[in-house]
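Biologist: Please take me through this structure step by step. I am new to it.

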Amino acid sequence: MHTTDPASESTPAAATPPPVTARETADSTRYWINGRLRPEQEATVPVTDHGLLYGDGVFEGIRFYGRRPFRLDAHLRRLADSCRAIRLTLPYTLDRLARAVAEIVDAFPADDGYLRLLVTRGAGPLGIDPSGCLRPNVILIAARLQMVDEAHRREGIRLVVAATRRLPGDALDPRIKSLNYLNQILARMEADHAGAQEAVLLNGQGRVAEASAENLFIVRDGTLLTPRTADGALEGITRGLVLELAARLGIPAREAPLTPYDLHTADECFLSGTGAGLIPVREVDGRPLHHCPGPLYSRLEAAFQEQVRRECGA
Ligand code: PMP
């Protein structure tokens, strides 16, 4: 049974700091909210923001290298599409958002980092009706972020297939990058509980959708396979780049319906995402994969790094 000592709850100063998984260095974090850079104490939104109350809003995670955002246009287009899909009117043009990105990257103390761009429904009356939310809040956070430690990046991570299913696409289209990640969070907690680093979510039909915050690839007999977006995968920008690089390298690649069996018997498996990059997988549900990092993973990872250098000059 879980018990909590109420006295210890009221003395947070004495508590040990929580474990940190995605490491951020707070003093380097920068904030831009609704039109200007702000110090941390002023980086706030009202508690009645429906982004907080209901997860009503959308977001993007963007990397910058050598102070140049990587594939910014694709991120802004996806953000605009997410906004349109939920009938949220962006209060800025995409050009203005691109300038905001330039401002915060300029103010950041390092050349490389991670940006979180959020658009929330804004403050409004309690109750889910968004019509009383008069102005969306637009927030940019620039941070140092290390999603995956170097040992796991080198040696691969362990995956488990979660019991938590991805929300059905006919209930909520997976292409909407919404602020509500509860279902991915529940899956991720299952992974933590099992001593694995990431969880794979299946859709309602038992097909692989994606990991909790990354897309998934496997290699089978020299062919690269990734779940279809129709099976519940986000249209990941890194996923798109991996498919682009595979075509350039002459690696056969296609979308395919995948089941846990395909993961358990794959030659290679890896994840892709803006925050994580390309992460090799060494084990799925306790079954070691043949190769980790595998030969196709290594070629694609090298091509990915080269593409970043080419586009960002970093
Ligand atoms: N799937 C989910 C659920 C995500 O949240 C993300 C982004 N973190 C991805 C996939 C990867 O997408 P991208 O390559 O565009 O970052």
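**Helices, contacts and salt bridges**

Modeller: Let us begin just after helix α7, where G250 takes a positive phi of about 75°. Helices here are DSSP runs of H or I with at least four residues, strands are runs of E with at least two, and both are numbered from the N terminus. This is a predicted model, in which local features need pLDDT of at least 70 and side-chain atom pairs count only at pLDDT 80 or more, while totals for chains, interfaces and linings use all residues. Residues are numbered from 1 along each chain as its sequence is written, and side-chain values use heavy atoms, with hydrogens and water left out.

Biologist: How far apart are the end C-alpha atoms of helix α7?

Modeller: They are 18 Å apart. That agrees with the expected span, because 13 residues (237–249) at 1.5 Å a residue should also give 18 Å. The expected span is 1.5 Å times one less than the number of residues.

Biologist: Which residues of α7 are buried?

Modeller: They are I237, T238, R239, L241, V242, L245 and A246. Buried means under 20% relative accessible area, exposed means over 50%, and partly exposed lies in between, with a 1.4 Å probe and protein chains only.

Biologist: Now the overall layout. Into which domains is the chain divided?

Modeller: Domain 1 covers 6–15 + 149–312, and domain 2 covers 26–143. These bounds come from an automatic or database domain assignment. The C-alpha centres of the two domains lie 25 Å apart. Their contact takes 20 residues from domain 1 and 26 residues from domain 2, contact meaning heavy atoms within 4.5 Å.

Biologist: Next, L216. Is L216 buried or exposed?

Modeller: L216 is buried, because its relative accessible area is 0%. Its place is in strand β10 (residues 215–220).

Biologist: What does L216 touch, beyond residues up to four places away in sequence?

Modeller: Its contacts include L159, V200, V208, L225, P227, L258, L263 and F270. L37, by comparison, is 179 residues from L216 in sequence and 36 Å from it in space, C-alpha to C-alpha.

Biologist: And C83, where is that?

Modeller: C83 is in helix α3 (residues 72–85). It counts as buried because its relative accessible area is 2%. Not counting residues up to four places away in sequence, C83 touches V58, L88, L90 and V119. C83 and G57 are 26 residues apart in sequence and 7.8 Å apart in space, C-alpha to C-alpha.

Biologist: Changing topic, how many salt bridges does the structure hold?

Modeller: The structure holds 17. A salt bridge is a side-chain nitrogen of Lys or Arg within 4 Å of a carboxyl oxygen of Asp or Glu. One of them joins E210 and R166, at 2.7 Å from N to O. That pair links distant parts of the chain: E210 is in strand β9 (residues 208–211), and R166, 44 residues apart from it, is in the loop between β7 (157–161) and α6 (182–193).

Biologist: Are E210 and R166 buried or exposed?

Modeller: E210 is buried, because its relative accessible area is 5%. R166 is likewise buried, because its value is 10%.

Biologist: What else is in contact with R166?

Modeller: Q184 is in contact with R166, and also with L201 and S212, leaving aside neighbours of Q184 within four places in sequence. Q184 lies in helix α6 and is buried, because its relative accessible area is 6%.

Biologist: Which salt bridge does R154 form?

Modeller: R154 forms one with E155, the closest N and O atoms being 3.6 Å apart. R154 counts as exposed because its relative accessibility is 51%, and E155 is partly exposed because its relative accessible area is 47%.

Biologist: Where do R309 and E306 lie?

Modeller: Both lie in helix α9 (residues 295–312), three residues apart, about one turn of the helix. Their side chains meet in a salt bridge at 3.4 Å, N to O. R309 is partly exposed because its relative accessible area is 43%, and E306 is partly exposed because its relative accessibility is 34%.

Biologist: Which residues are linked in a network of salt bridges?

Modeller: R71, E244, R248 and E311 are linked in this way.

Biologist: Last, the surface. Which residues make the nonpolar surface patch?

Modeller: L53, Y54, L126 and I128 make a patch of about 420 Å². Patches are made of residues with over 30% relative accessible area and no salt bridge; like charges are joined within 9 Å, and nonpolar side chains (Val, Leu, Ile, Met, Phe, Trp, Tyr) within 5 Å. Accessible areas come from the Shrake-Rupley method with a 1.4 Å probe, and for residues only the protein chains shown count as cover. L53 lies in helix α2 (residues 50–54), and L53 is partly exposed because its relative accessible area is 32%.
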